[in-house]
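I opened the notebook to record what I looked up in one chain. The entries follow the order in which I checked things.

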Amino acid sequence: MSFITAYHSKLLLPENATYQWSKGFTRHSSSGMIKNVDMWSLIKQSIEQEMQAKGYRPIAEAEQADINISFVAVLASDMSDAEIATRYGLVPALMVHNVDKNNYEKGTLIFDVVNPKTNQLAWRTAGQALATLKDIPLEERKSRIDVFVKKLLAFLPEK
């Protein structure tokens, strides 16, 4: 695994900070499926779980949240490191050599925090790891995603 975090602007958050998914936040890939498992939904659930574990409260879209969040998840076959760097301004640069490409592929997860008052990017983190393409039990896949998301959001301040 490889991670990188960038702070783009100062964002002071209250003790009981709230979040909501950014307006227009949707899937960025056509399928998001690995072995008939909806990876996008598993990642979204894991992020919500970690945000709440850090003390952030989700609120309804109609309300004004303290932060807006979103993520992008892609496999290397869908977006190269060069494209990620150009589009998002950072890349974790996980080096992968001699990997069974039938069973593993490098995946990237980028998580953004936007200040809803200014609509400016306040915080971005990205991580890369080898995604298991083979058929594994759903609970094992979910557990792997949870560990990855926990590490990805490690530097997001707790509330």
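The entries below go from the whole chain to a pair of helices and then to single residues.

**Entry 1: the whole chain.** I noted at the start that this is a predicted model. I looked up the elements and found three helices and eight strands. I then read their order from the N terminus, which is β-β-β-β-α-β-β-α-β-β-α. The chain has 159 residues, and 45% of them count as buried. I also looked up the exposed surface, which is about 8,900 Å², with 51% of it supplied by carbon and sulfur atoms. For contacts with a separation of 6 or more, I found that 78% are between residues 24 or more positions apart.

**Entry 2: helix 1 and helix 3.** How are two packed helices described? I wrote down that the angle between their axes and the distance between the axes are used. Helix 1 covers residues 39-53 and helix 3 covers residues 138-152. Their axes are 9 Å apart, and the angle is about 50 degrees. Angles from 65 to 115 degrees count as roughly perpendicular and those under 35 as roughly parallel, so I entered helix 1 and helix 3 as oblique to each other. Is the crossing of helix 1 and helix 3 left-handed or right-handed? I recorded it as right-handed.

Next I listed the residues that meet. From helix 1 they are Met39, Leu42, Ile43, Ser46, Ile47, Gln49 and Glu50. From helix 3 they are Leu138, Arg141, Lys142, Ile145, Asp146, Val149 and Lys150. I sorted the residues of this contact into seven nonpolar, two polar and five charged.

**Entry 3: Tyr56.** I found Tyr56 in the loop between helix 1 and strand 5, which spans 57-58. Is Tyr56 buried or exposed? Its relative accessible area is 1%, and buried means under 20%, so I entered Tyr56 as buried. I then looked for what Tyr56 touches, leaving aside neighbours within four places in sequence. The contacts are Leu13, Ala17, Tyr19, Met51, Ile67, Leu156, Pro157 and Lys159. I also checked Pro14, which is 42 residues from Tyr56 along the chain. The C-alpha atoms of Tyr56 and Pro14 are separated by 10.0 Å.

**Entry 4: the loop between helix 2 and strand 7.** Helix 2 covers 81-88 and strand 7 covers 104-115, and Ala93 is found in the loop between them. I noted a positive phi of about 60 degrees for Ala93, although Ala93 is not a glycine. Ala93 has 39% relative accessibility, so I entered Ala93 as partly exposed.

Val96 lies in the loop between helix 2 and strand 7 as well. Val96 is partly exposed, with a relative accessible area of 32%. Which residues does Val96 touch, not counting those up to four places away in sequence? I found Lys106 and Leu130. Val96 and Lys106 are ten residues apart along the chain, and their C-alpha atoms are separated by 7.6 Å.

**Entry 5: Asn119.** Where does Asn119 lie? I found Asn119 in the loop between strand 7 and strand 8, the latter being residues 120-132. Its phi is near 60 degrees, a positive value in a residue other than glycine. The relative accessibility of Asn119 is 61%, and exposed means over 50%, so I entered Asn119 as exposed.

How values were computed:
Residues numbered from 1 in each chain as written. Predicted model: local features only at pLDDT ≥ 70, side-chain atom pairs only at ≥ 80, totals over all residues. Heavy atoms only, no water. Helix = DSSP H or I, 4+ residues; strand = E, 2+ residues; numbered from the N terminus. Buried < 20%, exposed > 50% of the residue type's maximum accessible area, 1.4 Å probe, protein only. Contact = heavy atoms within 4.5 Å. Areas by Shrake-Rupley, 256 points an atom, 1.4 Å probe, with all protein chains shown as cover. Axes fitted to C-alpha atoms, helices over the stretch in contact; angles between N-to-C directions. Parallel < 35°, antiparallel > 145°, perpendicular 65-115°, else oblique. Left-handed = near helix turned anticlockwise from the far one by under 90°. Nonpolar A, V, L, I, M, F, W, Y, C, P; charged D, E, K, R; others polar.
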